[in-house]
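Please look at the sequence and the model shown here before reading the short report that accompanies them.

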Amino acid sequence: MDNKKLINGFPHIPYHRKQFPEKEMLVRTRDFYQKMNERRTVRDICDRPVTREIIEQLILTASSAPSGAHKQPWTFCAVSNAALKAKIRTAAEEEEYKSYHGRMSEEWLDDLKAIGTDWKKPFLEKAPWLIVVFKKIYDMDNQERRTNYYVSESVGLACGFLLTAIHQAGLVALTHTPSPMNFLSRVLNRPDNERPFLLIPVGYPDEDAYVPDLKRKPLTEVAKFYQ
Ligand code: IYR
């Protein structure tokens, strides 16, 4: 039996979610919050390998994110090749050195003191995988440009899904933002319609990994209810 419905000539299919009694929903939402609240950005990533199959699943989850007009305007470049990782590290550190020695404001450097970052990025070589996320500012269809919409919002959402999937797998990640990061297009030989968006090293944490003792804002500070 055909359960499809045409809207503007395009097929739509029925959609249902399994529903939970309110009490169970509350337990599930609390539980998920607790799990997600354990996620931390980790810079001490060890060199223990992660299989390609795992990375493929993580990327599939990322690519299930909503996007403007469902264009999925992203490419996830997964790099485990040691020579490429070394190239990326060298180029990133070159930019970061300049950033930390003049390009970033005093206020910015001051804000980063609590995080403990500097221009050195050993995790770019040590982590088993670097997922370099590119946003597609337009698509190419048979030599023709096709517009993408809300590109940064869409790719940001996909990166959020990716970080959630990485955490759920028991792995750690770091949202690294070398700036400027056009060297990534060059090193990975990406086409003109793609721009680097975020560089995400992924792996297991070092056994003696440390993270800054950060506190998250309470609900009252991040939410306002209008009832
Ligand atoms: N891109 C630099 C600096 C940096 C900026 C912010 I905002 C951070 O939260 C952390 C680092 C770097 O990756 O070191």
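The report covers a helix pair, the surroundings of the ligand and two backbone features.

This is a predicted model, in which local features need pLDDT of at least 70 and side-chain atom pairs count only at pLDDT 80 or more, while totals for chains, interfaces and linings use all residues. Residues are numbered from 1 along each chain as its sequence is written, and side-chain values use heavy atoms, with hydrogens and water left out.

The axes (lines fitted to C-alpha atoms over the stretch in contact, with angles from 0 to 180 degrees between N-to-C directions) of helix α2 (residues 52-62) and helix α6 (residues 151-168) come within 7 Å and cross at roughly 140°. Helices here are DSSP runs of H or I with at least four residues, strands are runs of E with at least two, and both are numbered from the N terminus. L58, I59, T61 and A62 of α2 make the contact (heavy atoms within 4.5 Å) with A158, F161, L162, A165 and I166 of α6.

Around the ligand, with a heavy atom within 4 Å of it, are E96, Y100, M104, W108, L112, K121, H176 and T177. The table gives side-chain polar contacts, meaning pairs of N or O atoms within 3.5 Å.

| Side chain | Distance to a ligand oxygen atom |
|---|---|
| E96 | 3.0 Å |
| K121 | 2.5 Å |
| H176 | 3.0 Å |

Most residues other than glycine have a negative phi, and most peptide bonds are trans. The peptide bond from S179 to P180 is nevertheless cis, with omega near -5°, and P180 sits in the loop between β7 (172-173) and α7 (183-187). A69, although not a glycine, has a positive phi of about 50°, and A69 belongs to the loop between α2 and β3 (74-79).

Note on methods: A polar contact is a pair of N or O atoms within 3.5 Å; within protein, one must be able to donate a hydrogen and the other to accept it, and residues adjacent in sequence count only if both atoms are side-chain atoms.
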